[in-house]
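Hi,

Here is the structure I promised to pass on. Have a look at it first, and then read my notes underneath.

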There are 2 protein chains.
Amino acid sequence: MTAALLTDKYELTMLAAALRDGSAERRTTFEVFARRLPEGRRYGVVAGTGRFLEALGDFIFDDEALAPLRSFLDESTLDYLRDFRFTGDVDGYAEGELYFPGSPILSVTGTFAECVLLETLALSIFNHDTAIASAAARMVSVAAGRTLIEMGSRRTHEQAAVAAARAAYIAGFAGTSNLEANHRYGIPAMGTSAHAFTMLHTTSDGPDEKAAFRAQVDALGVGTTLLVDTYDVTAGVANAIEVAGTSLGAVRIDSGDLGVLARRVRAQLDDLGATGTEIVVSGDLDEFSIAALRADPVNTYGVGTSVVTGSGAPTASMVYKLVEVDGLPVQKRSSRKESHGGRKAALRLSRPTGTITEEVIHPVAAPPEVTEPARVLTVPLVRDGEPLAAADLTAARELVVRGLRSLPWEGLALSQGEPAIPTRQVPVRSR
Amino acid sequence: MTAALLTDKYELTMLAAALRDGSAERRTTFEVFARRLPEGRRYGVVAGTGRFLEALGDFIFDDEALAPLRSFLDESTLDYLRDFRFTGDVDGYAEGELYFPGSPILSVTGTFAECVLLETLALSIFNHDTAIASAAARMVSVAAGRTLIEMGSRRTHEQAAVAAARAAYIAGFAGTSNLEANHRYGIPAMGTSAHAFTMLHTTSDGPDEKAAFRAQVDALGVGTTLLVDTYDVTAGVANAIEVAGTSLGAVRIDSGDLGVLARRVRAQLDDLGATGTEIVVSGDLDEFSIAALRADPVNTYGVGTSVVTGSGAPTASMVYKLVEVDGLPVQKRSSRKESHGGRKAALRLSRPTGTITEEVIHPVAAPPEVTEPARVLTVPLVRDGEPLAAADLTAARELVVRGLRSLPWEGLALSQGEPAIPTRQVPVRSR
């Protein structure tokens with residue numbers, strides 16, 4: 001299916017107007033950036049780059065896509081669209097890179113016509129995926145090496161769920177419950193069991209939790225995770241070990257005071273000799289409750305709603321702004337929405353220890369001289385319409401690990417604060 | 001493309017276990033409901049019903065869908081899936097109906113096997129679409145008859161954007177910027193212009209707003225909407241009328257103090273003789289800022305981020321719970337997550353004036369006797385796997401209008417409060 005109609009109508013009416021007066025062929029650069037991080041956040045994690053590069057290839061106007069456009073576009077615009085393929089260049093931050101206010105995470109260069117058409121799709125992808133990855137990275141950071149599973153598919157749009165699983169995986173989650181994400185992106189699929197399965201084993205004599213556990217172990221082996229809180233947690237754990245034996249993979253607790261229950265269940269499991277049986281907790285977890293469980297004997301966190309909704313920040317506030325026309329920097333002057341004109345690139349400075357200190361955004365042709373260790377953040381992604389590399393989730397995950405490690409300690413705090421490092425804009429030289 | 005992999009892995013492992021011990025064939029009812037409304041909200045609007053019924057037909061396991069399942073499912077489970085088609089019954093609230101805590105908005109009856117498979121997809125659709133429609137209805141209500149356009153595609157996942165446009169339209173928005181929503185659902189597509197288009201008309205002599213306006217009017221006619229805040233609003237309005245004449249359709253203001261600017265622009269337009277030129281405002285609008293603009297001369301609100309992210313509540317907290325097995329009511333007893341067993345239906349009571357007073361949720365076989373005017377909320381949606389009617393967006397929009405009209409006055413307040421009416425659960429008769 002073409003992605004071309006996943007677009008705002010005005011992109012196409014602007015195209016029609018620009019084709020008519022000739023300005024459609026002007027050489028432009030558009031930039032994707034966020035003016036600010038979500039309130040109180042100290043860093044963000046770029047995600048969506050790989051999906052955007054894939055979507056570029058699907059952004060074609062076939063007959064099905066053109067049909068509904070006939071009602072409001074003239075023939076020459078339809079002709080343009082029929083032949084459309086993006087032929088420009090894209091530069092930007094690698095997927096998994098940290099970002100801060102103003103970071104030029106994507107820079108799209110080509111004719112106005114081809115760049116303007118990509119606005120809505122680019123923003124949809126980056127705003128969604130970056131919001132999820134940014135929230136997920138905070139959870140990964142406070143989980144301090146414990147396993148996180150993304151299981152929020154049911155809390156978000158069914159296709160957004162697939163992208164959310166991908167973004168959470170980039171941020172460091174170990175896997176997802178979502179099968180399509182497993183199929184499409186190779187992300188490890190994980191799962192336990194639901195209360196419904198236990199309750200299904202109800203007869204006129206009442207609930208029969210052991211029958212449910214037995215059925216699950218028979219089908220999935222003792223390495224499975226049994227859900228022990230459908231009726232009574234203590235009885236559930238006893239039933240689980242009675243049925244599965246002390247080699248049971250894990251038990252899951254999905255309700256109640258998770259810290260208290262985890263300690264009690266750990267003691268019970270150990271008493272029963274199931275010292276290797278792990279504890280999975282779930283139920284409205286977010287980065288704050290994960291942090292609060294740090295001292296408790298939890299092996300794995302199952303995270304749903306909070307990760308797929310960006311934990312309070314479901315969109316990353318990215319914008320797609322025209323910054324250069326035929327080599328001239330341009331910028332808007334309406335109140336409180338200043339943008340910085342000119343095509344830009346960025347460096348990140350650090351101390352010799354590796355702790356980052358500042359992000360420097362500069363005109364692409366004029367990198368500043370710096371004395372500190374500096375890393376170039378802007379890399380080429382597309383040349384003449386062709387992506388230079390396929391998306392690499394492993395590389396993106398590694399970048400997140402390195403990014404989190406590079407933050408000053410206060411940058412990892414969960415509390416509301418300022419961005420972890422300042423962003424400096426090197427002004428465009430006036431002509 | 002099949003929807004079957006838009007599913008959590010555990011639905012399939014539970015299926016495998018249930019097939020193995022024979023419980024898969026037990027007759028079950030699952031219910032979709034929300035334990036609570038988003039914090040402080042007084043009502044919700046059901047949306048997603050039509051999308052869910054459509055998705056039912058796409059929920060098949062073709063060879064592509066089966067391939068990734070081979071790694072963890074046995075042959076007999078794969079055989080079951082190969083032949084799978086939902087053959088059960090679905091009842092529920094019509095799309096566009098109001099709902100309150102506990103409202104059984106969907107009730108799915110069939111074998112455990114066929115019902116459990118639908119859990120993730122059903123919840124994804126209802127949690128997303130209902131969240132958007134519920135936020136959008138508050139905006140519609142405070143806009144008090146003025147036009148609302150959904151233009152938030154760029155702030156949410158690209159496919160979620162299409163569903164969001166649909167949900168906002170159900171709630172009473174007049175249209176959307178999203179072309180795919182127009183194509184797929186026939187929702188009116190609307191659009192204005194972007195700052196980039198104005199800035200594109202920059203030359204070495206500087207910006208040329210009039211050239212941009214002229215190009216737009218030439219291509220789209222004087223009925224178009226010109227964006228007047230790229231540089232200076234007063235100059236922008238003057239340029240707009242100079243180029244388009246006093247028959248200009250509308251001007252859009254996208255930044256600054258929208259109330260102040262709207263009043264100033266209205267006066268300026270009237271002075272220029274453009275008394276019929278309308279004013280469109282946009283820029284981080286939500287229900288509160290729409291309400292605050294009530295006294296200002298605004299014709300149309302363009303709403304983006306807040307509507308597609310549910311204005312603070314991006315998911316509706318709907319759950320899908322097993323409530324009945326082979327005629328036996330079942331319920332979970334873990335802490336603070338009580339559910340009410342048994343298959344249920346609902347009535348909404350009202351005063352003779354039409355103002356609603358209470359929602360009564362009762363065992364499906366035992367409707368209570370009531371003396372007040374009552375409306376049956378639970379209607380048949382699917383019989384033997386076949387949807388009884390196609391989705392009807394016009395009917396859903398009409399239901400929202402009637403629903404909002406039926407609320408007690410305090411139910412329409414934007415401030416945080418209790419649900420507008422209480423929900424009463426008629427207990428399952430004990431056996």
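Below is what I found, starting with the whole chain and ending with one sheet.

Please keep in mind that this is a predicted model. Chain A has 431 residues, and 63% of them are buried. Its secondary structure adds up to 15 helices and 21 strands. Along the principal axes, the C-alpha atoms take up a box of roughly 80 × 55 × 35 Å. As for contacts between residues at least 6 apart in sequence, 74% link residues at least 24 apart.

On the surface side, chain A exposes about 15,300 Å², with carbon and sulfur atoms supplying 49% of that area. The chain carries 42 positive and 54 negative charges, and the mean positions of the two sets lie 6 Å apart.

Now to the sheet I'd like you to look at. Four strands of chain A form an open sheet in the order 18-16-17-21, and the pairing is mixed. Which strands stand at the edges? They are strand 18 (374–376) and strand 21 (423–425) of chain A; each has a single partner strand, so one side of each is left without a neighbour in the sheet. On average, neighbouring strands here are turned by 25 degrees against each other, direction ignored.

At the strand 21 edge, the partner is strand 17 (residues 356–363) of chain A: the two run parallel and are joined by three bridges. If you want a residue pair to find on screen, I361(A) has Q425(A) in strand 21 of chain A as its bridge partner.

Enjoy browsing, and write back with any thoughts!

Best wishes

Notes
Residues are numbered from 1 along each chain as its sequence is written. Chains are lettered from A and ligands numbered from 1 in the order in which they are written. This is a predicted model: local features need pLDDT of at least 70, side-chain atom pairs count only at pLDDT 80 or more; totals for chains, interfaces and linings use all residues. Side-chain values use heavy atoms; hydrogens and water are left out. Two strands pair if DSSP finds at least two bridges between them. Axes are lines fitted to C-alpha atoms, for helices over the stretch in contact, and angles run from 0 to 180 degrees between N-to-C directions. Buried means under 20% relative accessible area, exposed over 50%, partly exposed in between (1.4 Å probe, protein chains only). Contact means heavy atoms within 4.5 Å. Accessible areas come from the Shrake-Rupley method with a 1.4 Å probe; for residues, only the protein chains shown count as cover. Lys and Arg count as positive and Asp and Glu as negative; His and the chain ends are not counted. The place of a charge is taken as NZ of Lys, CZ of Arg, CG of Asp or CD of Glu.
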